[in-house]
Amino acid sequence: MASIPPPISCRAYAKINLGLRVTGERTDGYHEICTVFHRIELFDDIVLHASDAITVHTTDPAVPSGEANICHAAALMLRERLDLKTGVRPGVHIEITKRIPVSAGLGGGSADAAAVLRSLPALWGKSLPEDDLRALALGLGSDVPYFMGDDSALGKGRGEILEYFRLDVPFAILLCTPPVQVSTQWAYSRIVPRPPERLDQEDLRSVLLRGISDPLLLCEHLVNDFESPVFLEHPLVRSVKESMMRDGALFASMSGSGSSVYGFFHDTDAARRAAAPLESLNYRTFITPPHFRV
Ligand code: ATP
């Protein structure tokens, strides 16, 4: 009888968007975007246990367990893809300890799904070519392909045309998620796409690389198109950005379609001081130290 493989543990790190422009509408219902994805030190813990069936359990009551969880779809897709080639039909029990706030512009579900795609083949004693895994990732969602790599990345198209690059952020990053849920669909419905300008595309990466030594450049050029409609509808989200800027942020912005806001600070102590008034309102805060890398 074959022995049961030991469980595999992995971390699914959240992302923030450093700039996010919506540059066009597509005939397939998606939007063209241009953004830089960047990981922060905030992660869900995922443990994969060998099992006969595919099952999922999460610790966060706001996130569905079972078939409605995106990790269930990831495991199912992978099993079907492997079946095509090998004829095996294994199962897995996926245990997710959720820390990444949900529906908060941090890509939590996408990060979890990518972690499953990356680690599950090993539990099943199989491997898949990188391109096949990336195709499965895109089938799960526009943000999932980014999480298949470890570095920061310039993302175009739906977010799946990716150019990975090393971005060393020498600042502490304070993230704050106020108690506001923003539907991504609603946020897109409030946006009039703008055709790319020079700084929106290739230059977004160079603005960032230069802005790291001159954060004023970031304040001038790093724009999230979702901020205006979200700030208008949810003044509380705007107040988080204003609070960070007042309390010493060199640059602050909303991530994705919100409601999380992040700020760059000289060091961890400065980020901690800026977090205090937000925590006193019971908003969730997380600090990523300078030079963090996954
Ligand atoms: P999106 O732009 O896709 O909304 P987000 O980062 O703002 O991304 P997520 O935290 O990924 O939001 O959650 C989006 C939705 O996906 C929620 O409605 C949530 O219930 C559902 N979901 C399914 N599986 C998961 C999971 N493993 N983790 C988080 N959310 C999940």
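1. Let me start with helix H8 of this predicted model. Val-237, Val-240, Ser-243 and Met-244 are its buried residues. They span an arc of only 115° around the axis, so they sit on the same side of H8. The spacing fits the usual picture: an α-helix has 3.6 residues a turn, so residues three or four places apart point the same way.

2. What do those buried residues pack against? Quite a list: strands E7 (172–177), E8 (251–254) and E9 (261–265), plus helices H7 (227–233) and H9 (268–279). On the face turned away from the buried side, you'll find Pro-235 and Arg-246, both exposed.

3. As for geometry, H8 runs over residues 235–246, which is 12 residues. From first C-alpha to last it reaches 16 Å, close to the 16 Å expected at 1.5 Å a residue. After the helix comes Gly-248, and its phi is positive, near 105°.

4. Zooming out, the chain has nine helices and 10 strands. Its radius of gyration is 19 Å, close to the 19 Å the globule rule gives for 294 residues, so the chain is as compact as a globular protein of that length. The C-alpha atoms fill a box of roughly 65 × 45 × 35 Å along the principal axes.

5. On burial and contacts: 52% of the 294 residues are buried. Of the contacts with a separation of 6 or more, 73% are between residues 24 or more positions apart.

6. Last, the surface. About 13,100 Å² of the chain is exposed, and carbon and sulfur atoms supply 52% of that area.

Terms used:
Residues are numbered from 1 along each chain as its sequence is written. This is a predicted model: local features need pLDDT of at least 70, side-chain atom pairs count only at pLDDT 80 or more; totals for chains, interfaces and linings use all residues. Side-chain values use heavy atoms; hydrogens and water are left out. Helices (H or I, at least four residues) and strands (E, at least two) are DSSP runs, numbered from the N terminus. The expected span of a helix is 1.5 Å times one less than its number of residues. Buried means under 20% relative accessible area, exposed over 50%, partly exposed in between (1.4 Å probe, protein chains only). The arc is that of the directions from the helix axis to the C-beta atoms. Contact means heavy atoms within 4.5 Å. The radius of gyration is taken over C-alpha atoms; the globule rule is 2.2 Å times the number of residues to the power 0.38. Accessible areas come from the Shrake-Rupley method with a 1.4 Å probe; for residues, only the protein chains shown count as cover.
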